[in-house]
Amino acid sequence: MNKLDPTDLRILLALIRDPRIQIGELSDSLGIARNTAQSRVRRLLRAGVLRPGGREVDLEAVGYDVVAFVTIEVSHRELDGVVGALRLIPQVLEVHEISGRGDVWCRVVATDTHNLQSSLRQVLRIKGVIRTETVLALHTHIPYRTEPLISGLSSAAAPARIS
């Protein structure tokens, strides 16, 4: 998709904030015609900006094609403050407290390596961050998924058939 206009971005934000929103509610909340909302959502799906199901945004399709995993060593007294500060960096998608090397693991996205470097500098300026280690993702072979788990639970919970 070439470029997202303000209406496209408002639609994406509305879908992220309320994944169960209906087209009629979406159009009302954004002050656009129902047909406009429906055609825009379809176009975003065809362009791959919205993943199948129509509620998850493909960040690569909107320009965030650099993915990095950052392990952060933290002064333990500052852990809560570090997590709070990481929450304020928009490029930080996930933060996990971990065992092993490092204390915190983050998934970070960026538009390019300069944008990533800027984000990493923000992380390093956080009080309590001792050091970071960054690994770039080269290719996603299996994106985040839950279907196999739920499918397995469904199969395990199915009653046995009596012949």
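Q: Is glutamate 133 buried, partly exposed or exposed in this predicted model?
A: In this predicted model, the relative accessibility of glutamate 133 is 39%. Since the buried class lies under 20% and the exposed class over 50%, the value of 39% places glutamate 133 in the class between, and the residue counts as partly exposed.

Q: Which residue meets the side chain of glutamate 133 in a salt bridge?
A: The salt bridge of glutamate 133 has an N to O distance of 2.3 Å, which falls within the 4 Å that the criterion allows. Glutamate 133 lies in strand 4 (residues 129-137), while its partner is in the loop between strand 2 (92-97) and strand 3, so the pair ties together parts that are 32 residues apart in sequence. The partner counts as exposed at 65% relative accessibility, and it is arginine 101.

Q: How many residues apart in sequence are the parts that aspartate 5 and arginine 40 tie together?
A: Aspartate 5 and arginine 40 form a salt bridge whose closest N and O atoms are 2.8 Å apart. Aspartate 5 is found in the segment before helix 1 (6-17), and arginine 40 belongs to helix 3 (residues 34-46), so the parts tied together by this pair have a sequence separation of 35 residues.

Q: Is arginine 40 buried or exposed?
A: Its salt-bridge partner, aspartate 5, has 28% relative accessibility and counts as partly exposed. For arginine 40 the relative accessibility is 17%, and because the buried class covers values under 20%, arginine 40 counts as buried.

Q: Which residues are linked with Asp5 and Arg40 in a network of salt bridges?
A: Besides the pair of aspartate 5 and arginine 40, there is a salt bridge between the side chains of arginine 43 and aspartate 8, with an N to O distance of 2.8 Å. This pair links distant parts of the chain, with arginine 43 in helix 3 and aspartate 8 in helix 1, 35 residues apart. Arginine 43 counts as partly exposed at 28% relative accessibility, whereas aspartate 8 counts as buried at 1%. The residues that share the network with Asp5 and Arg40 are Asp8 and Arg43.

Q: How many salt bridges does a search of the whole structure find?
A: Side chains of opposite charge can pair when their charged atoms come close. Among such pairs here are arginine 43 with aspartate 8 and glutamate 133 with arginine 101. For the whole structure, the search gives a total of 9 salt bridges.

Q: Which element supplies the largest share of the largest nonpolar core?
A: The largest nonpolar core has 19 residues, of which Ile72, Leu86, Val104, Cys106 and Leu116 touch the most other members. At least two residues of this core come from each of strand 1 (66-74), helix 4 (79-87), strand 3 (104-110) and helix 5 (113-124). The largest share amounts to 5 residues, and the element that supplies it is strand 1.

Q: How many residues make up the second, separate core?
A: Isoleucine 72, a member of the largest core, is in contact with residues including Leu86, Val104, Cys106, Val123 and Val129, when neighbours within four places in sequence are left aside. The second core is separate and includes Ala14, Leu26, Leu30 and Val49, and its membership comes to 16 residues.

Q: Which residues make the nonpolar surface patch of about 340 Å²?
A: One of the residues in the patch is leucine 153, which is placed in helix 6 (residues 147-157). Leucine 153 is exposed, with a relative accessible area of 57%, and patch members must have over 30%. The patch is made by Leu149, Ile150 and Leu153.

Q: What is the radius of gyration of the protein?
A: The protein has 6 helices and 4 strands, and from the N terminus on its elements run α-α-α-β-α-β-β-α-β-α. The globule rule gives 15 Å for 163 residues, and the radius of gyration is well over this, so the protein is more spread out than a compact globule. Along its principal axes, the C-alpha trace spans about 55 × 50 × 30 Å. The radius of gyration is 20 Å.

Notes. Residues numbered from 1 in each chain as written. Predicted model: local features only at pLDDT ≥ 70, side-chain atom pairs only at ≥ 80, totals over all residues. Heavy atoms only, no water. Patch = residues over 30% accessible without salt bridge, like charges linked within 9 Å, V, L, I, M, F, W, Y side chains within 5 Å. Areas by Shrake-Rupley, 256 points an atom, 1.4 Å probe, with all protein chains shown as cover. Buried < 20%, exposed > 50% of the residue type's maximum accessible area, 1.4 Å probe, protein only. Core = buried A, V, L, I, M, F, W, Y, C linked by side-chain atoms within 4.5 Å. Contact = heavy atoms within 4.5 Å. Rg over C-alpha atoms; globule rule 2.2 N^0.38 Å.
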